[in-house]
Amino acid sequence: MTKETIGFVGAGLMGHGIAANILKGGYDLAVIAHRSRAQIEDLLGRGAVEAGDLAELGTRASMVFLCLPGSPQVEATVEGLLGGLKAGAVVVDCSTADPVSTQALAARLAARGIAMADAPLGGTPVQAEAGELSAMVGADAATFARIRPVVETWAATIRHVGGPGDGHRMKLLNNFLSLGYAAIYAEALALGAKVGLDPRRFDSVIRGSRMDCGFYRTFMGYIVEGNREAHKFTLSNALKDLKYLESMANAAGVANPLGNAAKNSFAMAHATGGDGPEDYVPHLVSFVGRQNGIPLEP
């Protein structure tokens with residue numbers, strides 16, 4: 001069997017580690033310029049080649065991985081790739097995207113003989129670099145079998161959750177849980193501080209209890225340990241994902257009041273200065289604190 005040649009679009013915080021591990025796995029890799037050249041230059045130094053545009057990237061690859069901010073960027077990128085992709089190629093979208101868009105793209109690509117899989121990620125940039133992410137994959141059985149060896153270069157856990165679009169549906173549910181936790185933690189910490197229980201005393205009770213979990217420890221890395229980069233996932237991306245969740249719930253005709261409550265917490269933070277590239281999810285506690293006149297900084 002001919003070995004896959006890989007194209008990669010979106011070598012950012014998460015994408016760089018994924019791309020680096022694909023190279024480490026022995027695959028030929030073509031990349032395209034990112035808004036920051038540092039990641040691209042690093043990948044070129046590891047043996048990647050650079051394409052001049054998306055159409056050229058498509059001609060070089062039998063399989064293209066996307067790791068982009070959301071559906072608008074994915075849609076625009078697929079449009080560019082179509083100038084070069086050949087029948088028999090596969091597009092693997094690792095972004096967190098709108099499942100309605102994903103299904104429409106899958107149908108459009110299928111009409112040209114090109115398969116699509118959605119393989120959104122679970123984990124952090126540190127885990128991406130270590131090849132220890134999780135992937136929840138939406139694809140038909142044949143496409144899943146084909147992409148799995150490449151995904152195994154960067155994912156420690158791979159779950160085939162259904163057909164095209166199901167990976168993105170599962171990712172939105174996953175993020176509903178994590179971002180819902182974040183909204184609850186931030187509000188609980190603000191309330192605790194207001195009534196005289198500072199974050200360290202709060203943490204001394206929750207840490208190690210039944211209410212503890214991996215996400216809790218990552219979130220608390222900011223307010224208790226002073227690590228501003230404990231979880232490098234922006235408030236802007238969190239808000240975007242919760243809007244996608246709202247859209248999915250609306251399309252399904254399901255009331256989603258807790259999802260909307262979490263969305264509004266992130267919307268408040270985003271609208272009051274938390275819209276920058278280094279405003280991360282654990283910082284939500286500081287925005288909730290300020291809204292309530294409580295200084296909650298590490």
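Student: Hi! What is the relative accessible area of K232, which is partly exposed?
Tutor: Happy to start there, and please keep in mind that this is a predicted model. Buried ends at 20% and exposed begins over 50%. K232 falls in between as partly exposed, with a relative accessible area of 27%.

Student: Which residue does K232 meet in a salt bridge?
Tutor: Look for a carboxylate partner whose oxygen comes within 4 Å of the lysine nitrogen. At 4.0 Å from N to O, such a partner is found for K232, namely E229. That partner is itself partly exposed, with a relative accessible area of 47%. So by this rule the residue that pairs with K232 is E229.

Student: How many salt bridges does that rule give in total?
Tutor: The rule asks for a Lys or Arg side-chain nitrogen within 4 Å of a carboxyl oxygen of Asp or Glu. The pair of E229 and K232 meets it at 4.0 Å. By this rule, the count of salt bridges comes to 15.

Student: How far apart are the closest N and O atoms of D42 and R46?
Tutor: D42 is partly exposed at 30% relative accessibility, and R46 is partly exposed too, at 47%. The two form a salt bridge. Their closest N and O atoms are separated by 2.6 Å.

Student: How many residues apart in sequence are the parts tied together by E50 and R37?
Tutor: E50 and R37 form a salt bridge, with 2.7 Å between the closest N and O atoms. E50 sits in strand β3 (residues 49–51) and R37 in helix α2 (residues 37–45), so the pair joins a strand to a helix. The separation in sequence between these parts is 13 residues.

Student: Are E50 and R37 buried, partly exposed or exposed?
Tutor: The relative accessible area of E50 is 31%. For R37 the relative accessibility is 34%. Buried would need under 20% and exposed over 50%, so E50 and R37 both count as partly exposed.

Student: Which residue is linked with R37 and E50 in a network of salt bridges?
Tutor: We already have the bridge between E50 and R37. The network has a further member alongside these two, and that residue is E41.

Student: Let's turn to the helices. Why is helix α1 (residues 15–24) described as largely enclosed by the rest of the structure?
Tutor: Go through the helix and ask which residues have under 20% relative accessible area. The buried ones are G15, H16, G17, I18, A19, A20, N21, I22 and L23. The helix is largely enclosed because the buried residues number nine of the ten.

Student: What residue with a positive phi follows α1?
Tutor: Step past the end of the helix and check the backbone. The phi there is positive, near 95°. The residue is G26.

Student: How are the axes of α9 and α10 oriented relative to each other?
Tutor: The axes of α9 (residues 199–206) and α10 (residues 214–223) come within 11 Å and cross at roughly 160°. Angles over 145 degrees are classed together, so α9 is, relative to α10, roughly antiparallel.

Student: How many of the residues in that contact are nonpolar?
Tutor: From α9 the contact draws on P199, R200, F202, D203 and I206, and from α10 on Y216, M220 and I223. Two of the contact residues are charged and none is polar. The number of nonpolar residues is six.

Student: Which helices are among those that cover the buried residues of α10?
Tutor: Seven of the ten residues of α10 are buried, so this helix is largely enclosed by the rest of the structure. Among them are F215, Y216 and F219. What covers the buried residues includes α8, α9 and α13.

Student: How is α12 oriented relative to α13?
Tutor: Helix α12 (residues 257–271) packs on α13 at an angle of about 80°, with 9 Å between the axes. The contact residues include F266 and M268 of α12 and F287 and V288 of α13. An angle from 65 to 115 degrees sets the class, so α12 is, relative to α13, roughly perpendicular.

Student: One last residue: which residues does T234 touch, not counting those up to four places away in sequence?
Tutor: T234 is in the loop between α10 and α11. At 12% relative accessibility T234 counts as buried. Leaving out residues up to four places away in sequence, T234 touches G276, P277, D279, Y280 and V281.

Note on methods
Residues are numbered from 1 along each chain as its sequence is written. This is a predicted model: local features need pLDDT of at least 70, side-chain atom pairs count only at pLDDT 80 or more; totals for chains, interfaces and linings use all residues. Side-chain values use heavy atoms; hydrogens and water are left out. Buried means under 20% relative accessible area, exposed over 50%, partly exposed in between (1.4 Å probe, protein chains only). Helices (H or I, at least four residues) and strands (E, at least two) are DSSP runs, numbered from the N terminus. Axes are lines fitted to C-alpha atoms, for helices over the stretch in contact, and angles run from 0 to 180 degrees between N-to-C directions. Angles under 35 degrees count as roughly parallel, over 145 as roughly antiparallel, 65 to 115 as roughly perpendicular and the rest as oblique. Contact means heavy atoms within 4.5 Å. Ala, Val, Leu, Ile, Met, Phe, Trp, Tyr, Cys and Pro count as nonpolar, Asp, Glu, Lys and Arg as charged, and the others, Gly among them, as polar.
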